[in-house]
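Welcome, and please open the model in your viewer. We will go from stop to stop, and at each one you will hear what to select and what to look for.

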Amino acid sequence: VFLSLALAGMVTMWPENKGEQAAAGVGEGSSGAGGLLSEALSVLKRDQKIVLLGLTQSCFEAAMYIFVFMWTPKLEALFDDLPHGQVFGC
């Protein structure tokens, strides 16, 4: 019920945000996805901090996925009957 009310409120009161491409100079001279991709690559070449942030985020996500997929087998080795419901509930 609350989700439906929130959806109705968002649809009626939330304007579409398409950005200000012409004012910021973004998208000028780029046609389609290829132009946007080349523009994104040029931004990555200009600002190395974005690349570093992406690499840091990727390493963090990789570590989290390794933890999520590997912690259950490690706990099963320690306990005979591991209560997965209680573990995931905590």
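A residue is called buried when its relative accessible area is under 20%, exposed when that area is over 50%, and partly exposed in between. By that rule, buried residues make up 4% of the 90 residues in the protein chain. Keep in mind that this is a predicted model.

**Stop 1: the whole chain**

Show the chain as a cartoon. How many helices and strands are there? You should find five helices and zero strands, and along the sequence they give the pattern α-α-α-α-α. Now switch on the surface: the accessible surface of the chain comes to about 8,200 Å², and 68% of it belongs to carbon and sulfur atoms.

**Stop 2: where α3 meets α4**

Select residues 32-46, which are helix α3, and then residues 48-78, which are helix α4. Two packed helices are described by the angle between their axes and the distance between the axes. Here the angle is about 95° and the axes are 5 Å apart. Angles of 65 to 115 degrees count as roughly perpendicular, so α3 is roughly perpendicular to α4.

Next, show the side chains at this contact. On the α3 side, pick Val43, Leu44, Lys45 and Arg46; they meet Gln48, Ile50 and Val51 of α4. Try colouring these residues by type: the contact divides into four nonpolar, one polar and two charged.

**Stop 3: aromatic rings along α4**

Stay with α4 and display its aromatic side chains. How many aromatic pairs does a search of the whole structure find? The search gives two.

Start with Tyr65 and Phe69. Their rings are stacked, at 6.1 Å centre to centre with 15° between the planes. Why are these two residues about one helical turn apart? Because they sit four residues apart in helix α4. Both Tyr65 and Phe69 are exposed.

Now select Phe67 and Trp71, another stacked pair, with 6.5 Å centre to centre and 20° between the planes. Both of these residues lie in α4 as well, four residues apart, or about one turn of the helix. Is each partner buried or exposed? Phe67 has 51% relative accessibility, so Phe67 counts as exposed. Trp71, in contrast, has a relative accessible area of 18% and is buried.

**Stop 4: Leu82 in the loop**

Finally, move to Leu82, in the loop between α4 and α5 (84-89). With a relative accessible area of 12%, Leu82 is buried. What does Leu82 touch, leaving out residues up to four places away in sequence? Select Thr72, Leu75, Glu76 and Val87 to see these contacts. To finish, draw a C-alpha to C-alpha distance from Leu82 to Thr72: the two are 10 residues apart in sequence and 9.0 Å apart in space.

Terms used. Residues numbered from 1 in each chain as written. Predicted model: local features only at pLDDT ≥ 70, side-chain atom pairs only at ≥ 80, totals over all residues. Heavy atoms only, no water. Phe/Tyr/Trp six-rings, centres within 6.5 Å; stacked < 30°, edge-to-face > 60°. Buried < 20%, exposed > 50% of the residue type's maximum accessible area, 1.4 Å probe, protein only. Areas by Shrake-Rupley, 256 points an atom, 1.4 Å probe, with all protein chains shown as cover. Axes fitted to C-alpha atoms, helices over the stretch in contact; angles between N-to-C directions. Parallel < 35°, antiparallel > 145°, perpendicular 65-115°, else oblique. Contact = heavy atoms within 4.5 Å. Nonpolar A, V, L, I, M, F, W, Y, C, P; charged D, E, K, R; others polar.
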